[in-house]
Amino acid sequence: MGPVPNHPAEPDDDLDSYVGLDARTAEERARARGWSTVRTLPPGAIITMEYLRGRIDFEVDDGTVKRCWRG
């Protein structure tokens with residue numbers, strides 16, 4: 001069996017703090033707080049449900065973050 005990967009911890013972040021921000025500000029803040037991947041999605045987008053450590057997802061409608069979740 002191969003070694004178990006040693007993934008860095010995800011940022012300890014308040015995801016609710018992104019709701020209401022404009023998409024650009026939210027992305028800049030997320031990257032500054034240590035998120036390695038930032039994904040912006042329109043409302044109702046069909047996405048796969050795989051979990052990617054270090055990713056933060058934003059549902060953006062009319063340029064504003066409406067919802068946010070980890071990975």
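In these legends, a residue counts as buried under 20% relative accessible area, as exposed over 50%, and as partly exposed in between. The model shown in every view is a predicted one.

**View 1. The whole chain combines one helix with three strands.** Let us start with the overall picture. Following the sequence from its start, you meet the elements in the pattern α-β-β-β. The protein chain has 71 residues, and 32% of them count as buried. Its accessible surface is about 4900 Å², with carbon and sulfur atoms contributing 52% of that area. Among the contacts with a separation of 6 or more, 38% are made by residues 24 or more positions apart.

**View 2. The three strands come together in an open sheet.** In what order do the strands lie across the sheet? The order is E1-E2-E3, and the pairing is mixed. Strand E1 (37–41) and strand E3 are the edge strands, each of them pairing on one side only. From one strand to the next, the twist averages 25 degrees. Helix H1, made of residues 23–32, packs on this sheet and touches E1, E2 and E3. The direction of H1 makes about 170 degrees with that of E2. As a reminder for this view, strands of a sheet pair through backbone hydrogen bonds, in either a parallel or an antiparallel sense.

**View 3. Strands E2 and E3 form a hairpin with two residues between them.** Here we zoom in on E2 (residues 55–61) and E3 (residues 64–70), which pair in the antiparallel sense. How many bridges does this pairing run over? There are six bridges between E2 and E3. Two of the partnerships are handy for finding your way: Ile56 has Arg70 in E3 as its bridge partner, while Asp61 is matched with Thr64 in E3.

**View 4. Asp62 sits in the loop between E2 and E3.** This close-up is about the backbone of the turn. Most residues other than glycine have a negative phi. Asp62, although it is not a glycine, has a positive phi of about 55 degrees. Is Asp62 buried or exposed? Its relative accessible area is 75%, so Asp62 counts as exposed.

**View 5. Arg55 forms salt bridges with Glu50 and with Asp57.** The structure holds seven salt bridges, and this view brings some of them into focus. The side chains of Arg55 and Glu50 meet with a distance of 3.6 Å from N to O. The side chains of Asp57 and Arg55 also meet in a salt bridge, with an N to O distance of 3.6 Å. How do the partners compare in their exposure? Arg55 has a relative accessible area of 5%, so it counts as buried. Glu50, at 41% relative accessibility, counts as partly exposed, because that value lies between the 20% and 50% limits. Asp57, like Arg55, is buried.

**View 6. Glu59 in strand E2 forms a salt bridge with Arg67.** The closest N and O atoms of Arg67 and Glu59 are 3.6 Å apart. Arg67 is partly exposed, with a relative accessibility of 42%. Glu59, in contrast, is buried at a relative accessible area of 16%. Turning back to the wider set of charged side chains, Arg39, Glu50, Arg55 and Asp57 are joined into one network by salt bridges that share partners. Which residues does Glu59 touch, leaving out those up to four places away in sequence? They include Leu41, Pro42, Pro43 and Gly44. Among the others are Thr64, Val65, Lys66 and Trp69, together with its salt-bridge partner Arg67.

**View 7. Tyr18 and Phe58 bring their rings together in a tilted pair.** An aromatic pair is described by the distance of the ring centres and the angle of the planes. The structure holds one such pair. The ring centres of Tyr18 and Phe58 are 5.2 Å apart and the planes stand at 45 degrees, so the pair counts as tilted. What does this pair link? It links distant parts of the chain, with Tyr18 in the segment before H1 and Phe58 in strand E2, 40 residues apart. Both Tyr18 and Phe58 are buried.

Note on methods:
Residues numbered from 1 in each chain as written. Predicted model: local features only at pLDDT ≥ 70, side-chain atom pairs only at ≥ 80, totals over all residues. Heavy atoms only, no water. Helix = DSSP H or I, 4+ residues; strand = E, 2+ residues; numbered from the N terminus. Buried < 20%, exposed > 50% of the residue type's maximum accessible area, 1.4 Å probe, protein only. Contact = heavy atoms within 4.5 Å. Areas by Shrake-Rupley, 256 points an atom, 1.4 Å probe, with all protein chains shown as cover. Pairing = 2+ DSSP bridges. Axes fitted to C-alpha atoms, helices over the stretch in contact; angles between N-to-C directions. Salt bridge = Lys/Arg side-chain N within 4 Å of Asp/Glu carboxyl O. Phe/Tyr/Trp six-rings, centres within 6.5 Å; stacked < 30°, edge-to-face > 60°.
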